[in-house]
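Work through the exercises below with the coordinates open. Try each task before you read its solution.

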Amino acid sequence: MSAQLDQTFTSLPYRSLGDAALTRARELGVTHADFRFERVRYQRLGVRDGVLQGASDTEDLGFAVRVIHHGAWGFASGVDLTPQEAARVAETAVAVALVAAEMTSSPVEVADEPVYDDVTWVSSYLVNPLDVPVAEKAALLIDWTQRLRTGAAVDHASAYLLQVQENKYYADLHGTRTTQQRVRLQPGFEAMGTGADTFDSMASIAPPVGRGWEYLSDGSYDWDEEIEQVPELLAQKLKAPSVEAGSYDLVIHPSNLWLTIHESIGHATELDRALGYEANYAGTSFATIDQLNRLQYGSPVMNVTGDRTVEHGLSTIGYDDEGVQTQTWDIVRDGVLVGYQLDRQMGRMHPGLNPTADGGGRSNGCAYADSPGHIPIQRMANVSLQPAPDGPSTEELIGRVERGLYVVGDKSWSIDMQRFNFQFTGQRFYTITDGQLVGQVRDVAYQATTTDFWGSMEAVGGPQTWELGGAFNCGKAQPGQVAAVSHGCPTSLFRGVRILNTNDEAGH
Amino acid sequence: MSPTTSRTTPQSLVDQAVAVSTSDDCVVIVHDTTSANLRWANNTLTTNGVMHGISVTVISFVRTSEGVATGSVSGSASTQAQVTALVQAADAAARLSSPAEDANELVRDRVSPDWHDSAVPTDIHVYDAFAPALGEAFGRASAADRVLYGFVNHEVSTTYLGSTTGLRLRHVQPTGHYACTGKTADLRESAWVGGATRDFADVDALALDAELAQRLAWGSRRVDLPAGRYDTILPPTAVADLMIDAYWYAGARVAWEGQSVYSQRGGGTRIGETITAPGVHLFSDPTYDGLECAPFVLASSSDNESSVFDNGLPLARTDWIRDGELTGLLQTRHSATMTQQPVTPAVDNLVLAVDSGAGSVEDLVAGTERGLLLTCLWYIREVDPQSLLLTGLTRDGVYLVENGEITGSVNNFRFNESPIDLLRRFSHASATLPSFSREWGDDYFSRTATPALRVPDFNMSSVSQAM
């Protein structure tokens with residue numbers, strides 16, 4: 001049974017506010033206006049060493065009006081939920097557009113989109129985690145930390161649970177009206193310990209997901225097994241030798257590779273970055289639009305898709321924040337760059353990227369705003385590396401390596417502003433010798449340039465190795481906005497990657 | 001229940017919450033925030049906005065035979081009915097919660113003399129002088145084959161903190177910043193200028209463009225250099241980036257429990273130990289000129305470095321490092337008891353000062369025979385907590401210094417360095433100036449004052465092709 005729209009949201013006066021705002025905008029002569037009303041509920045629980053440290057609920061409720069007037073964007077938002085205030089906010093958006101028009105040298109236009117007259121969409125989950133009593137959730141996290149602390153190597157343990165319920169109503173002057181709801185959660189834990197002259201930690205590698213509370217108990221992730229294993233994994237890490245810096249073959253598990261995909265493919269194929277819109281903040285992209293269908297992004301086994309449709313994906317939704325129905329498309333095919341992530345303005349600017357029958361171009365549905373107080377911008381779809389049909393298992397990939405490392409879990413990440421040079425660490429690195437896992441090594445970071453790294457990908461695993469990872473905390477834009485996004489990938493094999501010893505890096 | 005239409009003051013929202021709370025005690029935090037921003041790219045405005053929000057946090061405290069339980073609920077609220085709903089939710093959450101380990105007496109009877117004053121707004125007119133000048137800068141840049149990308153934001157947040165224990169504290173926080181990236185038309189050279197401001201009276205778009213033009217001109221000679229250790233001048237913005245990380249990771253509890261660079265091996269913290277060169281001072285001060293910030297604790301939920309019981313505690317100048325010695329870590333009253341140290345909660349600004357620091361970045365350049373001058377850093381993340389090893393990139397201008405002069409621009413690098421270790425190894429410092437962290441200033445931490453530092457052996461781990 002799928003979930004229904006929350007009646008505490010549908011009872012809010014968004015329709016009358018939307019009518020008031022759009023009517024006022026039309027009266028003022030705008031060429032485009034959209035109205036977005038949102039209620040986003042967050043709850044966070046934090047536990048340390050068997051004690052609930054904090055549980056907090058936050059709700060972001062309000063609305064925004066965005067217009068195109070005199071060829072410029074105007075945006076304003078408000079929190080007083082009255083038609084009078086909605087009309088006033090529409091007037092403010094128009095006034096802002098008039099200020100902006102003075103500095104807008106290229107008139108703003110947006111791609112057409114079919115009208116969706118009063119449609120609804122609800123994400124795939126069974127139990128809204130915000131409907132579960134805090135005491136029940138706290139008890140689970142407390143139990144996790146207490147079980148972790150029974151491990152001899154564990155001095156301290158922490159656990160947390162982030163939950164989000166997002167409701168959005170969108171309406172525009174063309175007649176589209178969408179009402180949507182989605183739920184996501186991120187449970188996590190970490191065990192910390194001390195060695196002879198060192199300290200370290202081992203964290204859960206469970207991904208955040210677009211699922212309900214059932215994620216904690218329906219068997220889609222084996223929490224009990226991981227809690228059983230983590231203390232021993234930490235003990236092994238604390239005793240492990242320090243890695244010898246050099247060149248290694250890497251077999252990378254999806255729990256680590258999703259983040260490398262996020263940073264080096266997901267962000268690099270955001271068209272707003274390629275066009276320079278983020279040059280002052282998040283950065284640009286080496287994958288410029290003149291290289292479309294020419295850039296050899298990686299080896300021929302590399303196939304990457306963008307989608308906002310995969311079940312349980314964190315970026316998944318029915319219609320984006322510009323009223324565009326969500327889609328699936330190719331970004332890298334046989335190693336070559338073939339697509340980008342678009343919003344409606346970019347869909348019009350570059351119609352060939354997502355062509356329509358009339359040649360006008362269309363957005364592929366990547367506009368998102370993280371709050372009613374923020375303007376929608378192009379945000380990341382679920383960008384995923386495809387497995388090889390009938391491809392190898394993780395064990396088979398490890399078996400192909402003479403001298404290498406097997407990488408599990410994400411930890412530290414950093415990449416440059418054009419998405420060339422990156423450096424990642426992980427939760428654990430195992431030495432591979434002659435096709436066998438030998439044991440953990442410490443102090444490891446891998447560093448590469450994006451196209452070199454993906455060019456060194458010799459093999460992707462089969463569908464049986466494919467997992468959907470992701471993050472709640474992807475940052476972009478000014479003012480800063482946060483988005484959640486998933487990335488699926490199989491375990492994959494890379495040849496000759498530079499490995500650093502982080503102790504050596506800190507020494508001098 | 002739909003919200004009513006009645007318009008209310010922030011103070012009345014506080015009074016309403018305190019009045020309807022059914023818990024033993026209640027703390028209320030109201031933030032009334034307005035902001036206005038302009039964003040541009042490719043010499044044209046891209047997005048903009050004017051926002052207004054009122055957020056209310058209600059923290060309920062319920063005493064039981066086992067201790068005090070708390071519940072914290074926040075939401076957008078502008079009506080009495082919305083606040084009542086928040087109080088009911090917080091009261092219910094507290095009754096279902098377990099006793100808090102950080103329980104302490106609530107702070108009592110502190111009242112700001114300006115409690116009854118209205119929230120202070122900003123609006124788009126804060127750019128009345130800046131915006132036309134920006135339009136003119138776009139024209140100048142286009143004519144000279146420069147491309148400008150940037151963002152200005154001005155925000156004023158008025159905070160009201162009230163409680164059943166007689167707290168009625170108010171604080172007005174203006175926060176503004178400007179930044180502009182300039183590129184040559186072929187996108188092969190990039191430069192950046194940016195800073196913090198409280199009111200935009202001191203920000204001149206044409207002056208920003210002129211400085212970018214000068215910096216881009218330095219790139220007319222391009223020199224490719226390999227990875228390695230370089231004599232490197234970090235300008236105040238880059239030092240701010242790194243010091244903010246040193247500050248954020250300075251939680252007392254985490255150090256006490258053995259998990260940070262501030263932990264004593266074998267147990268306890270390194271408070272009392274000399275951890276940097278002598279003459280180095282890292283401190284926060286809510287009254288620091290130009291960096292004024294809230295002089296009392298605001299905590300909407302409890303974690304390792306904050307406690308809801310501490311709301312309203314006065315904040316004063318706090319030395320984190322004094323003359324090279326670690327003197328304090330981020331404390332709650334709970335962690336202060338645990339570590340047997342003074343109560344030194346986090347303050348929303350940070351100052352680094354060096355006794356020998358004198359002159360400007362230009363003076364450090366003039367004294368350098370051969371080295372690198374950075375513009376700013378980017379994508380800084382912790383690699384190894386043992387040494388607080390950080391990685392990140394240089395961004396938007398690395399310049400070659402030869403015989404005291406800038407002689408060209410250099411490729412970007414990835415660095416791996418620890419800020420604590422840099423404070424031990426630097427050879428020269430400039431005077432301390434108000435600064436703005438490129439990495440963290442926009443969204444997290446904009447109030448810093450730092451010197452430029454010259455480090456004789458800064459670790460550029462690899463070359464970045466990014467331009």
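Helices (H or I, at least four residues) and strands (E, at least two) are DSSP runs, numbered from the N terminus. The model is predicted.

**Exercise 1. Place His267(A) and describe its surroundings.**

Solution.
Step 1: find the segment. His267(A) sits in a loop of chain A, after helix 6 (254-266) and before helix 7 (271-274).
Step 2: check the accessibility. The relative accessible area of His267(A) is 3%. Buried means under 20%, so His267(A) is buried.
Step 3: list the contacts, leaving out residues up to four places away in sequence. His267(A) touches His262(A), Arg273(A), Met380(A), Arg419(A) and Cys474(A).

**Exercise 2. Explain why Cys366(A) forms no disulfide with Cys474(A).**

Solution.
Step 1: recall the cut-off. A disulfide needs two cysteine sulfur atoms within 2.5 Å.
Step 2: apply it. The cysteine sulfur closest to that of Cys366(A) belongs to Cys474(A), and the distance is 12 Å, so a bond is ruled out.
Step 3: add the environment. Cys366(A) is buried, at 0% relative accessible area.
Step 4: turn to chain B. Cys376(B) is in no disulfide either; its nearest cysteine sulfur, in Cys180(B), is 12 Å away. Cys376(B) is buried as well, with a relative accessible area of 1%.
Step 5: take the total. Over all chains, the structure holds 0 disulfides.

**Exercise 3. Compare sequence separation and spatial distance for Ala93(A) and Leu148(A).**

Solution.
Step 1: locate the starting residue. Ala93(A) belongs to helix 3 (residues 83-101) of chain A.
Step 2: read the pair. Ala93(A) and Leu148(A) are 55 residues apart in sequence, and their C-alpha atoms are 53 Å apart in space.
Step 3: look at what Ala93(A) does touch. Its contacts, not counting residues up to four places away in sequence, are Val65(A), Val67(A), Gly74(A), Phe75(A) and Ala76(A).
Step 4: check the burial. Ala93(A) is buried, with a relative accessible area of 0%.

**Exercise 4. Inspect the backbone at Pro479(A), Asp434(A) and Leu187(B).**

Solution.
Step 1: take omega. The peptide bond between Gln478(A) and Pro479(A) is cis, with omega about 0 degrees. Pro479(A) lies in the loop between strand 20 (467-476) and strand 21 (481-489) of chain A.
Step 2: take phi in chain A. Asp434(A) is not a glycine, yet its phi is positive, about 50 degrees. Its loop runs between strand 16 (421-433) and strand 17 (436-441) of chain A. Asp434(A) counts as exposed, at 58% relative accessibility.
Step 3: take phi in chain B. Leu187(B), also not a glycine, has a positive phi of about 60 degrees. It is in the loop between strand 5 (168-184) and strand 6 (190-197) of chain B. At 42% relative accessibility, Leu187(B) is partly exposed.

**Exercise 5. Does the radius of gyration of chain B agree or disagree with that of a compact globule?**

Solution.
Step 1: set the expectation. For 467 residues, a compact globule would be near 23 Å.
Step 2: compare. Chain B has 24 Å, which agrees. Its C-alpha trace spans about 70 × 60 × 35 Å along the principal axes.
Step 3: count elements. Chain B has 9 helices and 20 strands.
Step 4: check the packing. Of the 467 residues, 64% count as buried.
Step 5: describe the surface. Chain B exposes about 15,900 Å², and carbon and sulfur atoms supply 51% of that area.
Step 6: count charges. Chain B carries 32 positive and 55 negative side chains; the centres of the two sets lie 3 Å apart.

How values were computed. Residues numbered from 1 in each chain as written. Chains lettered and ligands numbered in written order. Predicted model: local features only at pLDDT ≥ 70, side-chain atom pairs only at ≥ 80, totals over all residues. Heavy atoms only, no water. Rg over C-alpha atoms; globule rule 2.2 N^0.38 Å. Buried < 20%, exposed > 50% of the residue type's maximum accessible area, 1.4 Å probe, protein only. Areas by Shrake-Rupley, 256 points an atom, 1.4 Å probe, with all protein chains shown as cover. Lys, Arg positive; Asp, Glu negative; His and termini not counted. Charge placed at Lys NZ, Arg CZ, Asp CG, Glu CD. Contact = heavy atoms within 4.5 Å.
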